Amino acid sequence: MLRTELRKLLPYRTAWVILLLFTGLLAATVAGAGGVNVNGQQLGQALYALPGLWPNLTYLASYFSLLPAFLLIMLITDEFQYRTLRQQVIDGASREQLVLDKLLVAGLLVAWALLSVLLVGAYFGLTRAPNASLPAVLAAAPRPLLLYAAQLLGYLSLAALLAVLIRKSTPAIVALLLYVWVVERLIRYFLPDSIDRFLPIKALDILTPSPFAQTLDTVLGPSGALLPGEAVPVALAWAAGFWLLSAAVLRTRDL
Amino acid sequence: MSAILDIQRLTKRYARTTAVQDLSLSVPAGSVFGLLGPNGSGKTTTLGIALGVLRASSGAVRWFGAAPTAEARRRVGALLETPNFFPYLTARQNLQISADTKRASPATIDAALETVELAGRQHEPVRGFSLGMKQRLALAAALLGQPEVLVLDEPTNGLDPQGIADVRRLIQRLAAEGRTIILASHLLDEVQKVCTHAAVLHQGQLRAAGPVGQILAATDRVHLRLAPDADPQALLRALAAVPFAQDVQPAPGGACSLALAPGHSPADLNRALFAQGLALAHLSTEQRSLENQFLQLIQNS
């Protein structure tokens with residue numbers, strides 16, 4: 001299962017371009033953000049200082065979560081285009097197996113993203129944070145990284161569902177962008193805060209809160225959004241729902 | 001013979017068309033089963049349902065006497081409609097993926113590549129292959145793991161005459177090894193040369209099925225002629241009274257041709273005419289090709 005997906009993934013040049021772009025953009029943004037001046041002070045100290053380094057990093061990484069999502073859409077829709085999903089069923093794979101294979105690919109993409117954040121964080125933590133040792137840097141990492149993993153898995157799950165539903169890469173990518181940037185925001189206008197905080201993108205985004213969220217809450221009052229810890233089960237429930245829906249669509253459709 | 005594939009009352013409806021309608025057929029173990037029909041007759045749809053990629057509107061498919069499962073499909077090697085490969089992977093990498101899915105030994109990859117004469121191009125990306133090469137690679141993929149059954153949908157598409165002859169020899173060799181082969185093809189001559197059984201589909205419906213010899217015998221034409229001095233109409237009148245004489249067609253010079261109902265021989269016909277006082281000056285049987293039979297079945301439907 002893993003071996004077969006790696007056989008498809010490793011020689012795929014586009015995948016490497018997107019994954020390296022993700023890592024490169026993250027590293028460049030973290031490096032660049034340290035030089036930003038806020039109220040006459042360089043952000044660097046606040047950005048790289050422990051324990052805030054990791055939440056800051058995962059917040060920045062969340063800006064690039066759509067890149068692995070685009071890649072997953074391409075990997076799935078390519079298989080519809082090449083009719084290789086159809087061939088795998090002919091060769092003896094079950095339709096449920098096809099979904100599990102893509103869930104595994106999503107897991108690999110999450111692992112790449114986590115590794116990227118970990119390496120970038122370790123580098124900037126050790127070189128820019130005041131008086132930081134490797135154990136101290138790494139000790140603060142698990143919680144923010146796990147929250148980020150849940151967020152990315154949620155985005156990838158939605159991307160996979162759209163890819164299975166639409167089967168073509170460009171329309172599926174446009175649909176993902178429309179949902180993330182427009183549709184859900186519109187839906188939120190019509191729902192009370194007590195309900196809209198459970199919507200997928202809102203619940204996912206809260207897993208990597210903005211470094212300025214606390215300040216904003218102080219100025220504007222509590223937002224009514226879930227706390228990151230509360231959002232984890234919601235995010236995982238959405239992710240499970242998206243994969244189950246993908247399996248249901250694949251099970252009932254002609255290939 | 002037990003049935004390898006048993007299809008019962010299969011129907012597949014799309015929004016505006018019915019691709020397959022109430023189709024029942026059975027593929028005996030060890031047979032080379034030809035599935036014939038013009039474009040759009042439902043051959044690929046039938047095979048697609050049997051192989052689990054299309055959903056039937058109604059009806060049932062059984063492989064090896066049981067409900068179809070992914071495990072049963074791993075006992076079948078299939079080339080359905082078009083070769084399906086990752087274009088950016090090499091021929092060998094694509095076969096490795098197929099072997100993984102079929103849980104076939106990687107050792108069978110070399111043998112399959114040799115069989116289709118692609119061993120020398122195995123490290124080239126499939127995107128650079130011609131249609132014929134992709135077709136041969138798809139045949140190699142179908143052969144992986146030495147499946148008990150091969151389903152080949154238009155396997156000679158895109159092949160040159162040498163390639164077509166090679167595929168024919170391959171099918172005959174595999175059949176001689178006792179494999180069951182289901183072959184959907186437009187090339188009726190090919191089917192006649194290699195198939196032991198056939199089914200003819202038209203507009204999604206089954207028109208004929210059975211051993212090829214039986215299907216052909218059903219339309220053997222019997223040619224008759226009386227002596228030159230006999231009344232030409234007498235033969236036609238006498239034939240009208242013979243219930244198993246069908247599709248009687250007059251020919252010049254008082255001759256005529258006809259088909260016999262199943263279970264009746266030219267000798268039966270000769271006896272029936274003699275009983276009516278007619279002595280034939282000529283009686284011969286014309287064995288028709290599968291192509292003629294196929295065209296007649298299609299025209300009659």
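Start by selecting R92(B), which sits in helix α3 (residues 91-102) of chain B; helices here are DSSP runs of H or I with at least four residues, strands are runs of E with at least two, and both are numbered from the N terminus. This is a predicted model, in which local features need pLDDT of at least 70, side-chain atom pairs count only at pLDDT 80 or more, and totals for chains, interfaces and linings use all residues. Residues are numbered from 1 along each chain as its sequence is written, chains are lettered from A and ligands numbered from 1 in the order in which they are written, and side-chain values use heavy atoms, leaving out hydrogens and water.

Is R92(B) buried or exposed? With a relative accessible area of 18%, R92(B) is buried (buried is under 20%, exposed over 50%, partly exposed in between, using a 1.4 Å probe and protein chains only). Now show what R92(B) touches: I109(B), D110(B), L113(B), Q122(B) and H123(B), once neighbours within four places in sequence are set aside. Contact here means heavy atoms within 4.5 Å.

**Across to chain A**

Stay on helix α3 of chain B and pick D100(B) together with R7(A). They form a salt bridge, with the closest N and O atoms 2.8 Å apart; the term means a side-chain nitrogen of Lys or Arg within 4 Å of a carboxyl oxygen of Asp or Glu. This pair crosses between chains, with R7(A) in helix α1 (residues 2-9) of chain A. D100(B) is buried at 15% relative accessible area, whereas R7(A) is partly exposed at 23%.

Next, select K102(B) and D91(A), whose side chains meet in a salt bridge at 3.8 Å, N to O. K102(B) belongs to helix α3 of chain B and D91(A) to helix α6 (residues 84-91) of chain A, so this pair also joins two chains. K102(B) counts as buried at 7% relative accessibility, and D91(A) is buried too, at 2%.

For another link, go to D254(A) and K12(B), a salt bridge with its closest N and O atoms 2.8 Å apart. D254(A) is in the segment after α14 (228-252) of chain A and K12(B) is in strand β1 (residues 3-13) of chain B, so the pair joins two chains. K12(B) has a relative accessible area of 5%, so it counts as buried.

How many salt bridges does the structure hold over all chains? There are 23. Side chains of opposite charge can pair when their charged atoms come close. To see a network of them, select E5(A), K8(A), E79(A) and K102(A), which are linked by salt bridges.

**Into the cores**

Keep K102(A) on screen and add L72(A). L72(A) is in contact with K102(A), V105(A), A106(A), L109(A), L156(A), A160(A) and W243(A), leaving aside neighbours within four places in sequence.

L72(A) also belongs to the largest nonpolar core, which has 114 residues; L72(A), L176(A), W63(B), V151(B) and I182(B) have the most contacts inside it. Such a core is a set of buried Ala, Val, Leu, Ile, Met, Phe, Trp, Tyr and Cys residues joined through side-chain atoms within 4.5 Å. Which helix gives the most to this core? Colour helix α9 (residues 142-166) of chain A, which supplies 15 residues. Apart from this core lies another, of 44 residues, including L79(B), V126(B), L159(B) and V200(B).

**Along helix α7**

Move to W112(A), in helix α7 (residues 95-128) of chain A. W112(A) is partly exposed at 24% relative accessibility. Beyond residues up to four places away in sequence, W112(A) touches W16(A), L19(A), L20(A), F22(A) and T23(A). Draw a line to F22(A): the two C-alpha atoms are 9.5 Å apart, with their positions 90 residues apart along the chain.

L115(A) is also found in helix α7, and is partly exposed at 45% relative accessibility. From L115(A) to L145(A), 30 residues apart along the chain, the C-alpha separation is 9.6 Å.

**Last stops**

Select V182(A), in helix α10 (residues 169-189) of chain A. V182(A) is partly exposed, with a relative accessible area of 37%. Add V174(A), L178(A), W181(A), V183(A), L186(A), I187(A), Y189(A) and F190(A): with V182(A), they form a nonpolar surface patch of about 920 Å² accessible area together. Patch residues have over 30% relative accessible area and no salt bridge; like charges are joined within 9 Å and nonpolar side chains (Val, Leu, Ile, Met, Phe, Trp, Tyr) within 5 Å. Accessible areas come from the Shrake-Rupley method with a 1.4 Å probe, and for residues only the protein chains shown count as cover.

Finally, colour chain A by pLDDT, the predictor's confidence in each residue from 0 to 100. Chain A averages 89, with 91% of the residues scoring at least 70. Among the elements of chain A, helix α5 (residues 66-81) has the highest mean pLDDT, 97, and helix α13 (residues 213-220) the lowest, 60.
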